[in-house]
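Here is a quick tour of a few spots worth a look while you have the structure open. We'll go through some backbone oddities, then a charged side chain, then the packing.

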Amino acid sequence: MTLDDWLAHCERLHPKTIDMTLDRVKAVKDRLGIAFDCPTIVVAGTNGKGSTCAMLESIALHAGYRVGLYIKPHLVHFQERCRVGGAPVAAESLEAHFEAVEAARGDVTLTYFEFTTLAIMRRLQHEALDFVILEVGLGGRLDAVNVIDADCAVITSIDLDHTEYLGPDRESVGREKAGIMRTGRPVVVSDPVPPASLAERAKEIDADLRQLGRDFSFSGDRTQWQWAGRSKRYAGLAYPALRGVNQLLNAAGVLAAFEALADRLPISAQAVRTGLALVELPGRFQVLAGQPAVVLDVAHNPHAVAALAQNLDQMGFFPRTHAVFGAMADKDLAGILGRIAPLVDVWHFTDLPLPRAATANELQAAFLAAGLRTPPDVATHTHATPLDALRAAAAGATAADRILVFGSFHTVGGVLQQGIPRVTAGAAAPEPPTLH
């Protein structure tokens with residue numbers, strides 16, 4: 001079976017796409033003997049997980065370590081989720097590990113996420129790694145990644161998302177994320193105003209809580225920044241290559257995590273500087289070269305979209321902003337649209353190829369029902385695919401305008417299917433993509 005065959009099999013295996021339990025995953029993990037004998041970090045949170053994982057990986061690579069990373073979801077190809085030495089693994093190299101999970105599970109049903117998580121962790125286990133980074137999925141306490149007892153946990157920003165599973169307020173969400181903590185082991189919290197439930201859980205199990213503003217801090221001016229922890233300091237740091245107002249929060253948490261693991265994973269100041277300067281992560285306030293400016297961002301909840309709006313506002317003046325937007329139906333659409341609507345002049349809503357996705361017509365209806373900037377002040381259009389929506393946005397844009405593609409990973413991934421598109425103002429379609 002090919003990787004695509006296995007992924008199709010995983011989609012058929014369990015009646016639910018999400019099943020918040022750990023017992024089934026732990027049973028199969030134990031049968032497979034999955035464990036890591038090198039320092040391991042798990043990263044949870046509502047927003048900032050991907051950026052945090054990317055910075056952890058980049059700094060460790062520039063320190064000379066062989067790094068394994070499980071990051072999700074993917075933008076175009078599934079194997080993007082499993083990285084070794086800074087690059088995605090070959091799709092074919094995953095097939096044997098899917099086969100092993102299938103053989104080990106017996107009559108245990110696994111969701112797509114659980115099955116693929118076990119296969120990827122087994123793939124990473126079979127590499128000679130110095131450092132493993134695992135991104136938590138939806139929650140924390142009952143997330144499949146939490147079957148691993150990590151040496152350090154990182155919890156990024158906490159906000160409302162997936163409330164049907166994680167609870168109706170930040171304290172409830174915080175309790176779920178706090179489930180990745182382990183007794184006596186460090187947990188880094190980079191949320192500047194964390195819910196009290198995080199500290200309560202750390203005290204309850206005697207975890208080594210390292211909190212932004214108490215155990216580590218940062219400051220900076222327009223050209224450089226500095227960081228101070230319990231025992232280490234870094235000064236004269238260049239800003240991370242990842243754009244955005246929240247990236248210093250994420251970077252500060254990353255440095256606190258390395259400080260916590262310094263006895264097993266020492267990192268030089270040069271590795272910090274180079275790793276932050278060269279880190280890459282597609283789809284996180286990614287600005288493509290050319291005119292009109294094209295911004296790609298996977299912000300898909302109100303908290304992330306508020307940060308996106310702030311980033312857009314700091315880009316400078318553009319006569320008009322054309323937005324391509326697609327999202328899952330269970331998202332807080334009114335909250336998302338309300339935070340960014342003042343910046344958008346033309347909306348291109350798109351269908352996405354998933355049953356969970358809101359249709360373009362539903363997104364358009366949600367926008368009109370929210371009573372935000374409405375026609376004739378703002379034009380709205382609907383499209384069958386993200387690439388169709390981008391083509392239409394390009395056709396209606398001038399070279400001085402800005403096109404924003406945001407929302408679900410499937411929205412951004414949909415315009416990257418054939419590589420990074422070169423968008424030409426007023427063109428009926430983007431030029432042939434530049435493959436990267």
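## Backbone oddities and what sits inside

D206 is exposed, with a relative accessible area of 57%. Keep in mind that this is a predicted model. You'll find D206 in the loop between α8 (196-205) and β8 (208-211), and despite not being a glycine, D206 has a positive phi of about 60°.

F285 also has a positive phi, of about 45°, and is not a glycine either. Is F285 buried or exposed? F285 is buried, at a relative accessible area of 6%. Its place is the loop between α10 (269-278) and β12.

Why bother pointing these out? Most residues other than glycine have a negative phi, and most peptide bonds are trans. That brings us to two cis bonds, listed here with the loops that hold their prolines.

| Cis peptide bond | Omega | Loop holding the proline |
|---|---|---|
| K72 to P73 | near -15° | P73: between β2 (67-70) and β3 (82-84) |
| Q291 to P292 | about 0° | P292: between β12 (286-288) and β13 (293-297) |

Now for the charged side chain. K49 belongs to helix α3, which covers residues 49-62. K49 is buried but makes no salt bridge. How far away is the nearest side chain of opposite charge? That side chain is E135, at 4.1 Å, and a salt bridge needs the charged atoms within 4 Å, so this pair does not count as one. K49 does have a backbone partner: a polar atom of its side chain lies 3.2 Å from the backbone oxygen of V136. Setting aside neighbours within four places in sequence, K49 touches V43, A44, E135, V136, G137 and T156.

On to the packing. In soluble globular proteins, nonpolar side chains tend to be buried together. Here the largest nonpolar core has 57 residues, and F98, L110, L124, L134 and M181 are the ones with the most contacts inside it. Which helix gives the most to this core? Helix α5 (residues 112-125) does, with seven residues. There is also a second, separate core of 42 residues, which includes V43, W225, L255 and A260. V43 is one of the residues in contact with K49.

To see what surrounds one of the core residues, try L110. Beyond its neighbours within four places in sequence, L110 is in contact with L13, H14, R24, V25, V28, V101, R105, F115 and L118.

Definitions and conventions. Residues are numbered from 1 along each chain as its sequence is written. This is a predicted model: local features need pLDDT of at least 70, side-chain atom pairs count only at pLDDT 80 or more; totals for chains, interfaces and linings use all residues. Side-chain values use heavy atoms; hydrogens and water are left out. Helices (H or I, at least four residues) and strands (E, at least two) are DSSP runs, numbered from the N terminus. Buried means under 20% relative accessible area, exposed over 50%, partly exposed in between (1.4 Å probe, protein chains only). Lys and Arg count as positive and Asp and Glu as negative; His and the chain ends are not counted. A polar contact is a pair of N or O atoms within 3.5 Å; within protein, one must be able to donate a hydrogen and the other to accept it, and residues adjacent in sequence count only if both atoms are side-chain atoms. Contact means heavy atoms within 4.5 Å. A nonpolar core is a set of buried Ala, Val, Leu, Ile, Met, Phe, Trp, Tyr and Cys residues joined through side-chain atoms within 4.5 Å.
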